[in-house]
Structure formats: structure tokens, C-alpha cells
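Please open the structure in your viewer and keep the selection panel at hand. This tour moves from one selection to the next and says what to look for at each stop.

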Amino acid sequence: MPLSTHPQNILVIRSGALGDFILTTPVLHSLRSAFPDTVLTVAGHPDRIALVSDVVDHALDIDTADWAPLFSEKPDTSRLTKLISGMELIVSFLPDSDGAFTGNLRQICSGLVTTHFPHPPNDGSVHVIDHLLTAIDHLEIDTIPAPRITPSVGKSEQEKPYIVIHPGSGGKQKIWPTERYAQIADAFAGTHTITITAGPADREIARELAERSAGARLLEPLPLTELAAVLSGADLYIGNDTGPSHLAAAVGAPTLAIFGPTDPRIWGPRGECVAIVTSPEGVAPADRLLAVTVSQVIDASKRLISQKS
């Protein structure tokens with residue numbers, strides 16, 4: 001079915017980790033900007049969708065049993081039909097190697113259904129955000145090249161300026177040594193409160209850093225909307241290649257991301273005040289993270305703080 005000039009109902013499907021979702025938010029903002037009166041629905045993880053509640057009209061939980069039949073060859077889609085049959089455009093970022101998911105969506109929905117592989121080429125030629133935005137090239141609309149998230153709760157109020165350190169990551173190979181983070185915390189403890197954040201899988205690393213950092217404030221895992229508020233009030237955020245680094249950049253915090261084996265040309269955070277510290281060229285992938293020095297991070301941190309002030 002040809003797409004109307006101004007679709008009234010759009011569904012975007014995006015699962016994955018926190019960082020994956022944040023890197024997809026420019027697609028959502030671009031759609032909202034181009035079609036302000038459209039009903040925009042997102043299927044994904046509700047806690048992540050809540051970060052863009054000012055952009056999205058409806059959230060669907062993709063982890064419910066309703067979605068499972070769409071991955072089979074002969075699905076019973078009756079439970080989903082009422083929800084998505086009226087969509088004029090569906091953009092799916094789910095990997096779908098056999099085409100079953102996309103084919104089943106087209107059986108339910110008479111509108112335009114597109115699927116877009118979420119991973120860009122590995123050669124560093126295209127940032128993941130730019131890759132994801134090509135999914136809506138056919139709409140010929142202006143696009144927004146960086147995530148921007150407005151916290152739905154107020155900024156964290158602290159008497160003393162604070163720096164947030166998030167020492168964990170979803171992949172162990174992406175984690176800069178905790179003892180080096182402790183040196184960073186000590187370097188700024190005289191001028192800032194050091195706030196250490198953790199996700200569900202990061203508690204042990206965060207507690208270890210807190211024990212090494214006198215006077216540091218350890219936050220247990222927060223709802224993402226509350227974490228966004230904490231990050232937005234920070235003088236500086238420091239973290240690995242991890243979802244909270246993308247969230248910090250998206251809320252406008254001065255963000256320093258430490259990259260090792262992953263390519264920042266593809267996966268680096270985007271924002272108004274972002275710096276990425278990585279190893280020099282020629283270092284083997286397995287050694288890149290350890291090649292990042294404490295002095296590099298301190299110097300880059302000072303530059304970001306001075307830019308904010």
C-alpha cells in the first residue's frame with residue numbers, strides 16, 4: 001500500500017540494550033518533527049521508551065507473549081491485530097534473517113512495513129545513528145542527527161557540584177580498570193562530589209569503586225528516568241562504552257566516554273559536549289582499553305568541565 005504524505009499512525013519497533021534504544025531516538029525525533037500530529041507508537045522496553053515520553057504517544061512492551069507468534073511461520077496474530085492493523089507505516093529494527101517477522105507484520109497490517117538491519121558496516125564508515133536514519137530515507141524528511149532526551153523528573157539537587165562515574169558496562173572487555181577510575185575520583189574529590197552509578201549488572205564494580213574512593217556517593221540502580229535527571233545535573237559524566245554514556249550525552253551532560261575494543265566512529269556517543277578517549281592508532285584491539293591512561297582521562301575531563309563553565 002502506498003504511504004500517504006502525512007501518515008496518521010506510525011509504529012517503530014526497537015528492542016536491544018539501553019544504548020541501542022538511545023541511538024535510535026533520532027529516528028523518533030525526526031518522525032515527530034516531520035509529522036507533529038501523527039500518533040507515534042513504539043514497541044520495545046517500556047522503561048526505555050519512557051525516556052522519550054514527550055515524543056511517543058503509546059508504548060508497547062515487546063517482551064509480552066503477544067509478540068512471540070510473529071516469529072513463527074504460521075502465527076496466531078489475533079491478539080496483536082487490534083493494536084497494529086491500522087498502522088500506515090511500520091519501521092522495524094529487529095534482526096529478521098528469515099523474513100518471518102516482517103512477513104507476518106505484512107499479513108496483519110495493510111500499511112507500509114519496512115525492516116532495517118540495526119547494525120552498520122564494521123569498517124567505521126558510517127555511525128550507527130546515520131545508519132538507522134536511512135530507514136526513513138524514503139519519507140524525504142529532515143532528520144535529527146543526535147539523541148536529545150529531556151528528563152521527565154527534575155534535576156538532582158546537590159549542594160556541591162558533582163561528577164558522575166559509571167564504571168561498568170554490559171561487556172567485560174569494555175570496562176576500564178576500576179583502580180584507574182579510583183584515581184580519577186581522587187583527582188576531582190576536592191572540587192566535586194563523586195557520584196557512582198550502577199546498572200543491575202554493575203553493582204559489584206560500582207561498590208568496589210566506592211570503597212576505593214573516600215567520600216564518594218554510591219547510587220544503587222535507578223529507574224532510567226531518574227538516572228537521566230541525575231546525569232543532566234552533573235558537571236561531568238565519565239564512563240565506558242555503555243548505555244548510560246549515551247544517556248548522559250543525550251541529556252546534555254558533558255560526557256567523557258572511554259573506548260577500547262569497539263570503534264567510536266560507529267558506536268561513540270553523540271551530543272553537544274562529548275569527548276571520547278581511546279588508544280592511539282596501531283594498538284591491538286585487545287590492548288586498546290589498557291592503553292588509555294589516567295592522565296589522558298583527567299586532561300580531557302578538565303577540558304569538558306571548563307567548556308561547561
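Two strands are said to pair if DSSP finds at least two bridges between them. Keep in mind throughout that this is a predicted model.

**First stop: the sheet of six strands**

With that meaning of pairing in hand, select Ile-165 and look across to strand S9, where Ile-238 stands opposite. These residues sit in a wider arrangement, since six strands form an open sheet in the order S8-S7-S6-S9-S10-S11, with parallel pairing. The edge strands are S8 (217-218) and S11 (274-277), each of which pairs on one side only. As background, the strands of a sheet pair through backbone hydrogen bonds, and the pairing may be parallel or antiparallel.

Now select S6 and S9 together, and you will see a parallel pair that extends over four bridges. Helix H9 (residues 243-250) packs on this sheet and touches S6, S9, S10 and S11, while its direction makes about 155° with that of S9. Helix H11 also packs on the sheet, touching S6, S9, S10 and S11, and its direction makes about 160° with that of S10.

**Second stop: strand S6**

Select S6 by itself and show its side chains. How many residues of S6 are buried? Five of its five residues are buried, and the strand is mostly covered. Tyr-162, Val-164 and His-166 point one way from S6, whereas Ile-163 and Ile-165 point the other way. S6 is also joined to S7 by four bridges, and these two strands run parallel. To find one of the pairings, select Tyr-162, whose bridge partner in S7 is Thr-193.

**Third stop: helix H6**

Next, select helix H6 (residues 178-188) and colour its buried residues, which are Thr-178, Tyr-181, Ala-182, Ile-184, Ala-185 and Phe-188. Because they cover an arc of only 160° around the axis, they lie on the same side of H6. If you then add what covers these buried residues, you should include strand S6 (162-166), strand S7 (193-196), helix H7 (203-212), strand S9 (236-240), strand S10 (255-258) and helix H11 (294-308).

**Fourth stop: helix H8**

Move on to helix H8, where eight of the nine residues are buried, so the helix is largely enclosed by the rest of the structure. The buried residues to select are Leu-224, Thr-225, Leu-227, Ala-228, Ala-229, Val-230, Leu-231 and Ser-232. Which elements do they pack against? The buried residues of H8 pack against H1, H2, S6, S9 and H9.

**Fifth stop: the sheet of five strands**

Now turn to the open sheet of five strands, whose order is S3-S2-S1-S4-S5 and whose pairing is parallel. Its edge strands are S3 (58-61) and S5 (112-115), and each pairs on one side only. Neighbouring strands of this sheet are turned by 15° against each other on average, if direction is ignored.

Select strand S1 (residues 9-13) and strand S4 (residues 89-92), which run parallel and are joined by four bridges. Within this pair, Ile-13 stands opposite Ser-92 in S4. Helix H1 packs on the sheet and touches S1 and strand S2 (39-44), and its direction makes about 165° with that of S2. Helix H4 (residues 100-108) packs on the sheet as well, touching S1, S4 and S5, with a direction that makes about 170° with that of S5.

Before leaving, select Thr-41, which is found in strand S2. Is Thr-41 buried or exposed? Buried means under 20% relative accessible area; Thr-41 has a relative accessible area of 4%, so it is buried. Beyond residues up to four places away in sequence, Thr-41 touches Ile-10, Leu-11, Val-12, His-58, Leu-60 and Met-87.

**Sixth stop: Ile-22 and the largest pocket**

Select Ile-22 in helix H1, a residue that is buried with a relative accessible area of 0%. Leaving aside its neighbours within four places in sequence, Ile-22 is in contact with Pro-147, Ile-149, Gly-243, His-246, Leu-247 and Ala-250.

Finally, display the largest pocket, in which about 660 Å³ of space lies. Of the 31 residues that line this pocket, the closest to its centre are Ala-17, Leu-18, Thr-242, Gly-243 and Pro-244. Helix H1 (18-34), helix H2 (46-49), helix H8 (224-232) and H9 each supply at least two residues of the lining, and H1 gives the most, with four residues.

Terms used
Residues are numbered from 1 along each chain as its sequence is written. This is a predicted model: local features need pLDDT of at least 70, side-chain atom pairs count only at pLDDT 80 or more; totals for chains, interfaces and linings use all residues. Side-chain values use heavy atoms; hydrogens and water are left out. Buried means under 20% relative accessible area, exposed over 50%, partly exposed in between (1.4 Å probe, protein chains only). The arc is that of the directions from the helix axis to the C-beta atoms. Contact means heavy atoms within 4.5 Å. Axes are lines fitted to C-alpha atoms, for helices over the stretch in contact, and angles run from 0 to 180 degrees between N-to-C directions. On a 1 Å grid over the protein atoms alone, a cavity is a set of points where a 1.4 Å probe fits but cannot get out, and a pocket is an open set with protein on both sides within 12 Å along at least five of seven lines; lining residues have an atom within 4 Å of a point. Grid points are joined across faces, edges and corners, and a volume is the space filled by probe spheres set on the points.
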